[in-house]
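Reader: Please show the complex. I will then ask how its descriptions are justified.

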There are 2 protein chains.
Amino acid sequence: MTRNTRDDVVAAAGRLFAERGYHGTSMRDLGKELGLLGSSLYSHVDGKQQLLVEVVNRGAGFFQQAADDALAVEGSATERMRALIDGHTRVVLDHRSEVRTYLNEADSLDHERRASVIAARDRYEDAYRTVLKEGATDGSFRADLDPPLAAIFILSILNAVDRWYREDGRVDRDALVTGMFELVTEGVS
Amino acid sequence: MTRNTRDDVVAAAGRLFAERGYHGTSMRDLGKELGLLGSSLYSHVDGKQQLLVEVVNRGAGFFQQAADDALAVEGSATERMRALIDGHTRVVLDHRSEVRTYLNEADSLDHERRASVIAARDRYEDAYRTVLKEGATDGSFRADLDPPLAAIFILSILNAVDRWYREDGRVDRDALVTGMFELVTEGVS
DNA sequence: CCTACCGATCGGTAGG
DNA sequence: CCTACCGATCGGTAGG
């Protein structure tokens with residue numbers, strides 16, 4: 001048992017916020033998770049809200065990096081869409097705690113921080129709108145597509161993954177990504 | 001200002017649980033919402049957990065009723081799918097508080113109640129699996145469709161509606177339902 | 001539905 | 001990272 005780093009504290013906070021929510025996690029709970037007292041956490045961080053901010057910022061960063069990578073993929077809009085879906089899925093499954101906290105606990109941030117999360121989400125969503133618009137223009141997708149609306153629908157599917165997907169289930173990651181990609185591009189018909 | 005009924009209390013609890021979450025709502029908050037003291041609520045209900053149970057049960061009931069109605073629609077699997085999408089959307093938009101609480105706060109239920117919510121969700125999801133299976137068999141949908149997976153994707157879109165949709169926005173209810181139906185059946189291509 | 005409480009727990013601090 | 005606290009708030013109760 002060596003001493004905890006500040007990073008350990010933020011990571012553990014992410015796990016508990018993801019599992020029990022921000023309001024459902026006390027500093028004493030977090031201390032117990034790390035093997036120390038709640039009051040001892042204040043030598044690592046200023047307060048509980050700061051922990052939430054840091055966890056949420058990590059989540060936002062992962063997503064934005066993935067979007068930038070996907071937009072850089074050369075080829076058709078369809079290929080970039082597949083890269084977006086693949087990247088999002090990877091982020092969700094590789095960083096579940098930060099992602100869950102980012103997606104579900106942002107309401108517990110103070111006004112200013114909350115606004116910046118909303119802005120970050122909009123920037124991220126814009127990657128989807130951009131690719132959809134490209135595809136509607138160049139003929140990869142339907143010309144009558146409503147890109148902002150379709151972006152919301154696609155992200156709804158993607159963001160829900162962490163709520164139900166289990167790594168040890170019937171569907172592996174590849175099948176998951178392929179399944180989402182096919183529904184998005186071709187639908188059920 | 002007449003006295004509050006038990007129904008008023010449950011309805012107000014739904015509003016606050018939906019807005020601030022179960023853990024983020026105190027009995028004193030709820031009392032203030034109704035114009036009385038937190039302690040006075042105990043003449044209407046046994047406790048906070050009971051309020052959550054009742055709000056969640058209302059949400060579950062609305063959804064199951066809508067699914068039963070949609071399954072009773074005669075015609076093609078495609079028509080029943082549209083009825084499912086339409087019904088779900090109506091429930092979400094007409095009963096936002098109960099729906100949000102049902103979808104987001106079920107984790108705060110005790111073990112037994114939580115298990116019964118999970119069972120209710122599975123029963124509801126089964127309506128989607130059934131229609132998808134019908135459609136895959138009778139040629140309305142792709143024969144290689146994975147109905148359980150497609151059901152999750154469709155419900156992901158539907159459940160997310162309450163997170164972003166605004167009644168006074170660019171998209172009216174009809175356009176919303178049509179947009180979701182088209183993405184689900186035809187995709188973006 | 002209010003008055004007057006209860007013990008428990010909360011986020012956080014002072015000082016080491 | 002601990003000891004020893006603080007005031008505030010929590011869900012809930014007794015009695016009216």
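Protein and DNA contacts

Author: Leu37(B) has a backbone N or O atom 3.0 Å from a phosphate oxygen of DNA strand C. This is a predicted model, in which local features need pLDDT of at least 70 and side-chain atom pairs pLDDT 80 or more, while totals for chains, interfaces and linings use all residues. Residues are numbered from 1 along each chain as its sequence is written, chains are lettered from A and ligands numbered from 1 in the order in which they are written, and side-chain values use heavy atoms, without hydrogens and water.

Reader: Why is the pair at Leu37(B) called a polar contact?

Author: A polar contact is a pair of N or O atoms within 3.5 Å (within protein, one must be able to donate a hydrogen and the other to accept it, and residues adjacent in sequence count only if both atoms are side-chain atoms). The Leu37(B) pair is at 3.0 Å, so it qualifies.

Reader: What makes Ser39(A) a polar contact of DNA strand D?

Author: An N or O atom in the Ser39(A) side chain lies 3.5 Å from a base oxygen of DNA strand D, therefore the pair counts. For Ser40(A), a polar side-chain atom is 2.6 Å from a phosphate oxygen of that strand.

Reader: Which residues come nearest to DNA strand D?

Author: They are Ser40(A), Met27(B), Arg28(B), Tyr42(B) and Lys48(B), of 16 around the strand. A residue is near a strand if one of its heavy atoms lies within 4 Å of it.

Reader: How many residues near DNA strand D are charged?

Author: Three are charged, with four nonpolar and nine polar. Asp, Glu, Lys and Arg count as charged, Ala, Val, Leu, Ile, Met, Phe, Trp, Tyr, Cys and Pro as nonpolar, and the others, Gly among them, as polar.
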